[in-house]
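Let's take a walk through this fold, strand by strand. Have the model open and turn it as you read.

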Amino acid sequence: MTTSGGTSNGVPFTYVSSPVPVLTSLAPSSGPTAGGTTVTLTGTGLASTTAVQFGATPATSFTVVSDTHVTAVAPPGTGTVQVTVTTPGGLSNGLSYSYSGAPTLSGISPNQGSTAGGNTVTLTGTNLTGATSVTFGGTPATSVTVLSATQITAVVPASTAGPVDVTVTTPGGSSTLPKAYFYVSAPVLAGVAPLSGPLSGGNTVTLTGTHLIEATAVRFGATPATAFTVVSDTQITAVAPAGAAGLVDITVTTVGGTSNPVSYTYLAAPVITTLVPTQGPTSGGTTVTLTGSNFAQTATVLFGGAPTGFTVVSDTHLVADVLPGPAGPVNVTVTTPGGTSAPAVYTRVGPPGI
């Protein structure tokens, strides 16, 4: 130093060659506005780091790991800022770090599904960009797709029946909708009554089972029931649609899935082709043999509108008792679950007069 009194003695000063630090990456590149996220900075010339800044704000703390790595705790902030490192060699280039607001969830649709999972739901809310996970009752979604800052789709994982919390996590934090999604058990059918009906449909059948309360469809084979009514969680009544002769499977569908099938038979109406004998005394007491088709499930044989006893011999033959009555012709009909036959005529003949 030099003053009016002269020049001082000298002290040594050494110039040290220190490279300007260079940043190549940082991870993670985003975090909550509250700060507190530990960020790893990667680059070169970092060994002598004296400061780390997020925009104009110093890091809450930082640790020099090596000449190529520094960890720093992000301070609170908003928006996107440039992260820089300072060393004796100078100020590094900046890398972008984004502050994310905490996410909020406001809805989920649909809000129920099968215990088997696999269905896709849409979550709505705010600050959903960058979502890293969606969980259903603690179980991660099979996949997550971020559509926008206000919408996410997620594929539901499998779980047991009942309500669960839905949680979304982003760099800004987590948000939970309590008991927002309901897992529904698949329906189970135990029986159907009656077991058969006419080809024209229109008859009402009762289905029994479990988990039927949220039925959305009842099908006879591939054909929807004409109408159905959910009576309780264990019972549904359904109006059979028209169908072809033979067996079909009845199934019930709910949000929980499609039930096991139960069998239902479409029956053609009975047909009488011959009646032997075609006449007899007014006193009755005899039998007639009816020949035709679709007699196997005969429920009623009527003589002139009155029910009579009968025996089903086969699908093509039955024997019926002749009832007493006044002389003259009467209609004989056969009724099964498939319908009522066209009438055959039997004539009662009075005793001869003198």
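Thr 229 sits across from Thr 237, a residue of β28. This is a predicted model, by the way, so read everything here as computed from it. The two threonines mark the pairing of β27 with β28 (residues 235-239), strands that run antiparallel and are joined by five bridges.

Zoom out a little and you'll see that this pair belongs to an open sheet of four strands, with antiparallel pairing and the order β22-β24-β28-β27. The edges are taken by β22 (188-193) and β27 (227-232); each has a single partner strand, so one side of each is left without a neighbour in the sheet. From one strand to the next, the twist averages 25°.

Now for another open sheet, this one with five strands. Its order is β14-β21-β20-β16-β17, and here the pairing is mixed. At the edges you'll find β14 (112-114) and β17 (139-140), and because each has a single partner strand, one side of each goes without a neighbour in the sheet. Look at the β14 end: β14 pairs with β21 (residues 173-184) in the parallel sense, over three bridges. Within that pairing, Gln 112 is placed opposite Phe 182 of β21.

Next, move along to β35, where there's plenty to look at. What do the side chains do along β35? They alternate: Val 301 and Phe 303 point to one face and are buried, whereas Thr 300 and Leu 302 point to the other face and are not. That fits the general pattern, as side chains in a regular strand alternate between the two faces of the sheet.

Which strands does β35 pair with? One of them is β36 (residues 306-308), antiparallel to β35 over three bridges. Here Leu 302 stands opposite Pro 307 of β36. The connection between β35 and β36 is a hairpin with two residues in between, and Gly 304 in the turn has a positive phi of about 60°.

Another partner of β35 is β39, again in the antiparallel sense, this time over four bridges. Val 301 has Val 334 as its bridge partner in β39. While you're on β39 (residues 328-336), stop at Thr 333, which lies in this strand. Thr 333 has a relative accessible area of 12%, so it counts as buried. What is Thr 333 in contact with, leaving aside its neighbours within four places in sequence? The list includes Thr 300, Val 301 and Leu 302, and also Ile 272, Thr 340, Ser 341 and Pro 343.

Time for the aromatics. A search of the whole structure turns up seven aromatic pairs. In one of them, the ring centres of Phe 54 and Tyr 97 are 5.3 Å apart with the planes at 85°, so this pair is edge-to-face. Phe 54 is in strand β6 (residues 51-54) and Tyr 97 in strand β12 (residues 95-100), so the pair ties together parts that are 43 residues apart in sequence. Phe 54 counts as buried, at 3% relative accessibility, and Tyr 97 is buried too, with a relative accessible area of 0%. Phe 54 and Tyr 97 form one aromatic cluster with Tyr 99.

Then swing back to β35 for another of the pairs. The rings of Phe 303 and Tyr 346 have centres 5.5 Å apart and planes at 70°, so this pair is edge-to-face. Phe 303 belongs to β35 (residues 300-303) and Tyr 346 to β41 (residues 344-349), so the pair links parts that are 43 residues apart in sequence. Both Phe 303 and Tyr 346 are buried.

Finally, pull right back to the whole chain. How many helices and strands does the chain have? The count is zero helices and 41 strands. The radius of gyration is 43 Å, well over the 20 Å that the globule rule gives for 354 residues, so the chain is more spread out than a compact globule. You can see this in the C-alpha trace, which spans about 180 × 25 × 25 Å along its principal axes.

As for burial, 37% of the 354 residues count as buried. The accessible surface comes to about 17000 Å², with 60% of it belonging to carbon and sulfur atoms. And among contacts between residues at least 6 apart in sequence, 55% join residues at least 24 apart.

Methods. Residues numbered from 1 in each chain as written. Predicted model: local features only at pLDDT ≥ 70, side-chain atom pairs only at ≥ 80, totals over all residues. Heavy atoms only, no water. Pairing = 2+ DSSP bridges. Buried < 20%, exposed > 50% of the residue type's maximum accessible area, 1.4 Å probe, protein only. Contact = heavy atoms within 4.5 Å. Phe/Tyr/Trp six-rings, centres within 6.5 Å; stacked < 30°, edge-to-face > 60°. Axes fitted to C-alpha atoms, helices over the stretch in contact; angles between N-to-C directions. Rg over C-alpha atoms; globule rule 2.2 N^0.38 Å. Areas by Shrake-Rupley, 256 points an atom, 1.4 Å probe, with all protein chains shown as cover.
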